[in-house]
Each structure stands twice: as C-alpha cells, then as structure tokens.
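Please walk me through this structure, beginning with its overall build and ending with the places where its chains touch.

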Amino acid sequence: MARVIENRRWHIASRVFAVILMGYLFANGVGLLVSLGLPLDRVTGVVVGTLLTFLIWGLVAMWAFWVDRTRTVWLGLIGGVIVSGGLAALFYFLENPS
Amino acid sequence: MYVLVFLLLMLGLVALCLSMNRHHRQVFSTSVSASRQRLLRLIGYPVLILSAIVAVNAYGVGLGLTLYTGLFTVAMLLCAFTMTFLGAKKS
Amino acid sequence: MNGMFRQSMTWLHTWTGLVFCWLLYFMFVTGTLGYFDTEIDQWMKPEFGASAPADFSSSLAAGQQRLAETAPAADNWFINPANGREYPHLRVFWNKVPEGGGDREFGDEFLSMPHGSPIEEVRETGGGQVLYRMHYLLHYFPGQMGYYIMAIATMLMFIGIMTGIVAHKKIFADFFTFRWAKGQRSWLDMHNLLAVSTLPFQLMITYSGLIFTVVLWMPFVALGTYGFDIKALSNIQTEIFDQEVVERSGTSAPLVDVGSVAQQGIDKWGEGNVRGVQVQFPNDQNARIVLQRKADFGPISDTMTFDGTTGELLSETQGYPNAALGFAGTLIGLHEGLFAGPLLRWLYFLMGTLGIAMIATGAIYWCVKRKPKTYASDVGFGYRFVEHLNVGTIAGLLIAVVVYFWANRLLAIDLVDRADWEVHCMFLGWLACFVHALIRPLDRAWVEQCWALAALCFGLPIVNFLTTDIHLMNTLSQGNWVLASFDLVAIAVGLAAVYAGRLLSRKLVPNDTVGVEAVYEESPASAG
C-alpha cells in the first residue's frame, strides 16, 4: 500500500470512498449474518451483531489501506457485501418462511 | 485497600522495569545479569497478579478491575518518569 | 510483508489522526470536564447552595405534590430525591407528547427541602452540563448534526487506536521508555507512553462511545433481523424485558402515595439504594409506578413496577436480561462513570487528561517530524496551517474553557440569555486564539498563549473571591473540597501553563538548535 499510494490522491480518495460506502455495507452485512446465522435469540443476536459492526468496519479500513491494489479493495468489498448480505437473507427466509 | 493495591503495583512494575537492560543501566549503570533478570521477573509478574486479586477481593470484580486499571496507569507512568529522571542524572 | 503492513498502518494512523485530532481534542477536553459536571455546576451556581440530604419518603411526597400542581396530565413523572453527587437536590422532571403529536414537552426543576419549593435560578448558566454535552453534540449545530459529526470522529478514533497498536514497533520494550530532550524522539516517546499506559481506558471509552451511537447510524442489523418491520422493532424494549405494554386508559383515577410504594423498594434493596421513581400516566386508571435501583455499572438496573391506583406490586426485573446486553450496558456504564466515588472519579479525570495529552503530543509530533531542516526551505501552506492550528486548538481551547468560567462570574446577572452568552464568550475566546495563532510567529504564539492561559487560570480564583463567597478562603476553612478543588485545579493548570511557557520560551533564545533536530531512524513511509 505504502508503495502504491504515495502521491496518488485518486487512489487514496477511491479507497476512502470504498471504506465509507462498501465498508459500511459490509460491516452491516456481516453483523446481520451474525445476528441471523448464529443460534442466538433475536435480541442477543441483534446486540452481538451490532456491536461487531464497528469492529468490522475498523478492520475493513485497515485492510483497505494495506492491500496493494485499489481494485482489490473494491472487488473484495463488493464481493463481501454480496456474500454476507446474500447469506443473511438466506438465513432470514429459512427462519421466516412466508 | 487501594493504597495496598497501588504499592503492590509499584513493586511489580519496578521489578519488571529493572529486569529490562535499558532501565537497569539507568539505575545501576550495569547490564542486568541473567539470574537477576529471572529473579526480577519472578517477583514482578506474580506481584502484579496479586495486586489484581487484592483489588477484586476488596472491591468486587467490576469496581476492583476498574480501579486496578486506573492505578496501573498511574504506577506505570510514575515508574517511567522516575527512570527518565534517574537516567538524566546519571549522564 | 510485515514491514509493509506496519508502514501502511502508520500511514493510516498518521492521516486519520491528523485530520481528526483537533475535533478529538475538543471531545476529550469537554468530555473529561464532564466527569466533574455536577461539581462544575455547583461552582457555577454559587447561589444554589450545597447538596442537602433530606428524608427520602418526604422528598418523594414533596415531589409528587409539586408535579401534581404543575403537570397533572403528563405522560411521565420522574422524581429523584437528593443523593449527593448525581442529584444534589430533589429533582422533578416530567414529559408529555402533545395531543397533536410533535416534539415532547417537558419540565425540569430542583426543589429545596423540606418545603418542596422550587429553587430559583439566580444566575442563569449552562454550568458543567453544557460543557459535558459539547463532547458529543458540539455546539451551534442544528438538530442531530453535531451528534453525527462526533459519531464519525469516534469511529476515526477507534481506527486510530487499532492502527496505533499495530503500528507501534515495540510496545513491551518501550513500556517504560521516555527519553527527555531528544527532539522528535521525545515527542514520539511521550505519545507512545501516554497511549500505551491508558490503552484500556482509550479502548473502553471509544468503543463504548460507539455503542452510544448505535441507534443513530447502525440500525440495519436490528432492522434486518426484524425483516425491516419497524413496528416490530419498536417493541424491542418490551421484548427484552418481557414487559407488558401500558397505554393510557382515558379514565382518571387518583394516584396512590408514591412514598409508601417506594418503601417496598427500600425494604427490598436497602436504605439509600432506590435511585428514583418514575410514574407513567399519573392520575390515570392504568398508572404505573416504577422504582429504579441504584445501578452499579450501566444504565440498566433492577426495577419494581407497581399499579399506580392500588399500589400493588405487578412485576420486577433484575439486572440485564442477557449477557450481550450486559456487556454493552457495562461498557456504557464504564463510559459514564456515574458509579465512581471520589478516588475513581479523579482517576477518570486523570485518564481523560492523559488522553488529551496523547492527542496533543500526536498532533505536535506530526509537525516536529516534518520540521524543515533549515529555516530557508519552503515548507508549504499545509504544514504551516497545521502548526498554527495546533497552537490555536491545544492552547486555545483550554483558554476558551477558562474564559467560559470567567464569563460565568463576570456577565451581568440579569443579562438576557445569559447562559447562551457564556458559551458565546467561550467560542469568541477560542476564535481570538485562532486569529492570534495565525498572525503571530509560531514560537511566539505558543509562548504567549501559555502565558495567557496561566494568567486566566491564576485570575479565576481571584475573580471568584471578588464576586462570590465560595472562594478558597471560605471553602478550605469549611472543608468543602468539591468547590475548593475547582479553584485548586485552576491554579494547577496555571502552574502547568507557566512551566510549558518557560520551557518554550527557552527556544526563543537565538543560536539554539532545538528546532533543527537531527532526523532519527524512522520509517520514511509515514512521511506522507
């Protein structure tokens, strides 16, 4: 990261944007997955999942500025959002078949 | 009781501090020998744990550990600044 | 790869830190003062009188009578008898959602015992509460905006702590290390030492700070789990505590004597362990009286719920209903530190002060590290801007806070919107410091602001002496340490400012090379 990012404002801006937008969605996706996927009662799940979101978001920020290529950041986060969100939705419909 | 907790913390931290070569030199002007280092560590860690036990025993888990953490900070800073002061006097 | 990782984490730590350090500094200064919010209230309301303990059940009766007169149709009454620090006097509070909807109406009063008459505010002031509220709301921002800004700053602080931990080269080898008078090495040592020694506090205060903001900007886990059904989610509290949902019946019925109901709480929890009483829908058929136990940690404590018309015990809750909520609640409780006695409260204050110093040393280190080797070299606008902003924030904010206290003593008692003007004075003072920092040469700006801070701090007890009778001579002879400590802390801060000023003014002597330190072996990556 340090090697690539020197004097490359657009890469920095792009990563900041990725962390803010996709990182937020990813953190919430994983939080939801934890809340719905783990065998916890509803309230406990919500609390545990929500508390984890901040930790995950922070770790995403660290990861995003460590990875060599900005493209990896975006692709990784978009993939993460789709996978975590999809799995969370799956769990939701398994529990609430309608 | 918090005075005892603090004194134990000081004792433990000073022992651990002196077991480090850099700080041993600041106080005694010599490197720390391997046997003395082992001894100091053998004092330091158990005493730190002991002071935590004293705190929890006297104030309960929640309050005891909160107080312990706060006093740890004070003891650690006191220890560090004393070393700076002693080191400066030496040189 | 390990080195690369540390380099990029240092980079992230440096820049998130730099962008937000002034805001975080403000947050830490006002938040740290918040640990003594009611003590500052006392100092700023000298006519208010010292906390007076009064009989618990007669306090409740007086509170009930007062609320029955002023707000018989309220949705909620809260009666908190005087308990020393948290409620220095009997406090009554009511709120009500207006018929047509909209913002809640509320009323908030302190009553003096034994007559239960409201205590008049002689000196309109924001007190310590305004300072304390600034640490999460800022000031002058409409609606929730300040709250959002501070929530973002908290997240950045959290990232700053995590990156700081992994970027630190040798946490254990440098555990006790502070090298004096070694230029930028000293600044980094100090920053590291303060950070490592207060790490548990910093982690706790930041993570729990984030928990406060959960409802604001992390609602999606909760929403999603409930299938984005907001109505189901709004009942989450009753689900958590397994409570019945009470609604106003519309039929009026007389309320029982709150004091006699509270006696059951005293019997169960012991004398002095009932924190307060809430009455839902007073004077309604469905009125409920809720007793709240004094909490150890956190906002959730044992409760007992009674029928308001018969006084019959309906239900009880005990502590946290599950471990996860217990964890979150304990963290919030640790953040607020309401449980802390004098020793622990001073430790909290010290931790906050060390946090302030940590942020300040970090901000200064950024500049010292980038200081040009020769005075001739061109350093650019950004660097200069940061340098001068540091002065205006680090010294300037402290000056502004002291100006706030001066304003409390010097503004005319009958000034319209007096409490607002106190705050205006504070921010005008801060603005003046920024202007001063920008127009003066850097070293001069530091020294002059240190002297200004010292003068204001030393002046504060004198002004206090001239305008009130809670000055040091009285408070010390009466053994009133709460009020005496305020003046003593002011003097201590003044002494610290004098020390800093003397240290800095040595740099003004020509031929001194302090400013042209040799460059130590640092990773070049963080140079940005």
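## From the chains to their contacts

Chain C has 528 residues, and a compact globule of that length would have a radius of gyration near 24 Å; the value for chain C is 26 Å, which agrees. The model is a predicted one. Along its principal axes, the C-alpha trace of chain C spans about 85 × 60 × 45 Å. Its secondary structure consists of 19 helices and eight strands.

Chains A and B can be described briefly. Chain A has four helices and zero strands, so that its elements, read from the N terminus, run α-α-α-α. Its C-alpha trace spans about 50 × 25 × 15 Å along the principal axes. Chain B likewise contains four helices and zero strands, and from the N terminus on its elements run α-α-α-α. The C-alpha atoms of chain B fill a box of roughly 45 × 25 × 15 Å along the principal axes.The strands of chain C come next. Strands of a sheet pair through backbone hydrogen bonds, either parallel or antiparallel. In chain C, eight strands make an open sheet with antiparallel pairing, in the order 4-3-2-1-5-6-7-8. Its edges are strand 4 (117-118) and strand 8 (313-317) of chain C, each of which pairs on one side only.

At one of these edges, strand 3 (residues 105-112) of chain C pairs with strand 4 of chain C in the antiparallel sense, over two bridges. C:Ser112 has C:Ser117 in strand 4 of chain C as its bridge partner. At the other edge, strand 7 and strand 8 of chain C run antiparallel and are joined by four bridges. Here C:Thr305 has C:Ser315 in strand 8 of chain C as its bridge partner. Strand 7 and strand 8 of chain C form a hairpin with five residues between them. In the turn of this hairpin, C:Gly311 has a positive phi of about 80°.

Helices also lie across strands of this sheet. Helix 3 (residues 56-70) of chain C lies across strand 1 (76-80), strand 2 (90-96), strand 3 and strand 5 (274-280) of chain C. This helix runs at about 35° to strand 2 of chain C. Helix 12 (residues 258-269) of chain C lies across strand 1, strand 5, strand 6 (288-293), strand 7 (303-307) and strand 8 of chain C. Helix 12 of chain C runs at about 140° to strand 5 of chain C.

How are the chains arranged with respect to one another? Two pairs of chains are in contact, and of these chains A and C share the most contacts. Chain A and chain B do not touch, and their nearest C-alpha atoms are 21 Å apart.

Between chains A and C, 28 residues of chain A are in contact with 30 residues of chain C. On the side of chain A that touches chain C, helix 2 (9-37), helix 3 and helix 4 (70-95) of chain A each supply at least two residues. The largest share, 16 residues, comes from helix 3 of chain A. By class, the residues of this side of chain A divide into 17 nonpolar, ten polar and one charged.

Helix 3 of chain A can be followed further, to a helix of chain C. Two packed helices are described by the angle between their axes and the distance between the axes. Helix 3 (residues 42-64) of chain A packs with helix 13 (residues 323-336) of chain C at an angle of about 45°, and their axes are 8 Å apart. That angle makes helix 3 of chain A oblique to helix 13 of chain C. The crossing of helix 3 of chain A with helix 13 of chain C is left-handed. From helix 3 of chain A, A:Thr44, A:Val47, A:Val48 and A:Leu51 meet C:Ala324, C:Leu325 and C:Ala328 in helix 13 of chain C. This contact has six nonpolar residues, one polar residue and no charged residues.

The contact of chain C with chain B remains. Here 17 residues of chain C are in contact with 18 residues of chain B. Helix 6 (184-197), helix 7 (199-212) and helix 14 (342-369) of chain C are the elements that give two or more residues to the side of chain C that touches chain B. Helix 14 of chain C gives the most to this side, with five residues. By class, the side of chain C that touches chain B has 13 nonpolar, three polar and one charged.

How values were computed: Residues are numbered from 1 along each chain as its sequence is written. Chains are lettered from A and ligands numbered from 1 in the order in which they are written. This is a predicted model: local features need pLDDT of at least 70, side-chain atom pairs count only at pLDDT 80 or more; totals for chains, interfaces and linings use all residues. Axes are lines fitted to C-alpha atoms, for helices over the stretch in contact, and angles run from 0 to 180 degrees between N-to-C directions. Angles under 35 degrees count as roughly parallel, over 145 as roughly antiparallel, 65 to 115 as roughly perpendicular and the rest as oblique. A crossing is left-handed if the near helix is turned anticlockwise from the far one by less than a right angle, and right-handed if clockwise. Two residues are in contact if their C-beta atoms, placed from the backbone, lie within 7 Å. Ala, Val, Leu, Ile, Met, Phe, Trp, Tyr, Cys and Pro count as nonpolar, Asp, Glu, Lys and Arg as charged, and the others, Gly among them, as polar. Two strands pair if DSSP finds at least two bridges between them. The radius of gyration is taken over C-alpha atoms; the globule rule is 2.2 Å times the number of residues to the power 0.38.
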